[in-house]
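Me: I would like a close look at a single part of this model, the surroundings of one bound ligand, and then at how the rest of the fold is arranged. Please take it slowly, since I am in my first year.

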Amino acid sequence: MKNILITGGTGFIGSHTCISLLEDGYDITIIDSLINSSKKVLEGLRDILELTNNFDENKIHFYEGDIRNTSFLQDVFLDSKKKKKTIDCVIHFAGLKAVRESKSNPLLYWDVNVKGSINLLNIMQENDCRTILFSSSATVYGDIENLPFKESSLINPSNTYGYTKAAVENILKNIFDADSSKWRVGSLRYFNPIGSHPSGLIGENSRGKPENIFPYICQVASGIKDKLYIFGNDWPTFDGTCYRDYIHVVDLAEVHKITLKYLLERDSANLTLNVGKGKPFSVLELIKTFERVNNIKINYEFSSRRDGDIAISFADTSKIYNLLKWKPLKSLEDMCKDGWNWQKTCV
Ligand code: NAD
Ligand code: UFG
């Protein structure tokens, strides 16, 4: 079975993808600096697999380190070879993702997200490993008047984080164009991943001050925060709040496995796909759904619009459906129920 290197594999989306791959019998090698996750996630992976008697410790390899450290990356490739677990392909999640921080510390974001990716691609090439699936984001889109966003829509990010994602997409395109017979590259543009594994054993890191809506709702639900501030009720939408395309992280994990399989079945490939449900919900609809399925009241107040927000964002999902015959299965209710099931274990 193939051995897949997962950078950022103890993070939110990475850990769920590890489960999806391990359940199908793949070997996985995780690299993570633990800057935004912890080794406890490895216990979560084990516990989930033990629920179905599927745990095999020889299938999970973990290396703590930074993707900006070239000799560390080279050691991981060499060590894997020595163990007769040569790395066949890479899913690249490792990176920083806080939009506000990216604006105040742009060099850090270019260093981690772009230089880190270049290091990784260099080491992959040196080791004759040329299949990579990259975590991109809907934040790369710029033409907010023409919705839904298609993969061919204008790329024009509004923040440093988005620029770094677009830059890595361009680098992947460039290396593919330079040697298209050898590379298989894919960029998945995620919309708004929320929720967690239904077991409640892994989920999103809820430490610190969340910027995104879902962990914020959970912190209010658990009493860590007094109230949620809804950024604007004067948007040109049905209820005045912003619409987003939420997708369950378990669906998102599954699509990595399916896309990777697609890449591995081809001699050469260069793919960019939106990953969302294609159906947006408003902030108020998200809150009401959370309240209903979890039977908890969320204290909220309207405040002014957040700088850089757009009224509506959602995916045109026809490309991924036509190519992979894939559709997300889980509902907004599932996202709210499963996400809270994890978050309440974190307090
Ligand atoms: P996360 O922070 O939970 O996971 C990222 C992981 O990468 C963390 O475990 C972190 O410790 C690790 N990491 C960070 N810098 C590193 C470095 N220099 N070297 C090694 N490891 C490092 O984030 P996530 O939500 O799981 O996101 C995964 C990827 O998906 C990121 O690239 C993110 O930009 C992208 N993405 C996320 C979202 C979202 O809303 N969560 C949306 C679109 C795209
Ligand atoms: N919101 C609030 N209150 C909060 C937090 C958010 O009202 O405390 C609102 C926002 O104004 C927005 C909606 O909830 O209308 C969703 O906000 P998020 O920050 O959760 O998500 P965004 O769509 O703004 O951005 C997120 C990530 C980006 C990523 C994008 C698309 O932060 O990095 O999804 O994937 F690019």
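Reply: Strand S8 gives the largest share of the shell around ligand 2, namely four residues. This is a predicted model, and the distances below should be read with that in mind. The shell counts 22 residues, of which Ser137, Phe191, Asn212, Arg244 and Asp309 come nearest to ligand 2. Sorted by class, the shell around ligand 2 holds 14 nonpolar residues, together with four polar and four charged ones.

Oxygen atoms of ligand 2 have several N or O atoms of the protein beside them. A backbone N or O atom of Phe191 is 2.5 Å from an oxygen atom of ligand 2, while for a backbone N or O atom of Tyr190 the distance to an oxygen atom of the ligand is 3.0 Å. With Asn192 it is the side chain that takes part, since one of its N or O atoms lies 3.0 Å from an oxygen atom of ligand 2. Taken alone, ligand 2 exposes 690 Å², and the protein buries 89% of that area. The elements that give two or more residues to this shell are helix H7 (213-221) and strand S8 (228-231).

Ligand 1 can be described in the same way. Around ligand 1 there are 26 residues, and those that come nearest are Asp32, Asn36, Ser37, Lys97 and Tyr161. The classes are eleven nonpolar, eleven polar and four charged residues. An N or O atom in the side chain of Tyr161 is 2.6 Å from an oxygen atom of ligand 1. A nitrogen atom of ligand 1 is 2.9 Å from an N or O atom in the side chain of Asp66, and a backbone N or O atom of Ile67 lies 3.0 Å from a nitrogen atom of the ligand. On its own ligand 1 has 810 Å² of accessible area, and the protein covers 96% of it. Helix H1, strand S5 and helix H6 (160-178) are the elements that give two or more residues to the shell around ligand 1, and S5 gives the most, with three residues.

Some of these elements also belong to the wider fold. Seven strands form an open sheet with parallel pairing, in the order S3-S2-S1-S4-S5-S6-S11. Strand S3 (60-64) and strand S11 (269-275) stand at the edges with a single partner strand each, so one side of each is left without a neighbour in the sheet. From one strand to the next the twist averages 15°. At the S3 edge, five bridges join S3 to strand S2 (residues 27-32), and the two run parallel; within this pair, Ile31 stands opposite Tyr63.

Helices lie across the sheet. Helix H1 (residues 12-23) lies across strand S1 (3-7), S2, S3, strand S4 (87-92) and strand S6 (184-190), and runs at about 165° to S2. Helix H8 (residues 249-264) lies across S1, S4, strand S5 (131-137), S6 and S11, at about 160° to S6.

Finally, the backbone has some details to look for in the loops. Most residues other than glycine have a negative phi, and most peptide bonds are trans. Leu34, which is not a glycine, has a positive phi of about 65°, and Leu34 is found in the loop between S2 and helix H2 (40-51). The peptide bond from Leu147 to Pro148 is cis, with omega near -5°, and Pro148 lies in the loop between S5 and H6.

Definitions and conventions
Residues are numbered from 1 along each chain as its sequence is written. Chains are lettered from A and ligands numbered from 1 in the order in which they are written. This is a predicted model: local features need pLDDT of at least 70, side-chain atom pairs count only at pLDDT 80 or more; totals for chains, interfaces and linings use all residues. Side-chain values use heavy atoms; hydrogens and water are left out. Two strands pair if DSSP finds at least two bridges between them. Axes are lines fitted to C-alpha atoms, for helices over the stretch in contact, and angles run from 0 to 180 degrees between N-to-C directions. Contact means heavy atoms within 4.5 Å. A residue is near a molecule or strand if one of its heavy atoms lies within 4 Å of it. A polar contact is a pair of N or O atoms within 3.5 Å; within protein, one must be able to donate a hydrogen and the other to accept it, and residues adjacent in sequence count only if both atoms are side-chain atoms. Accessible areas come from the Shrake-Rupley method with a 1.4 Å probe; for residues, only the protein chains shown count as cover. Ala, Val, Leu, Ile, Met, Phe, Trp, Tyr, Cys and Pro count as nonpolar, Asp, Glu, Lys and Arg as charged, and the others, Gly among them, as polar.
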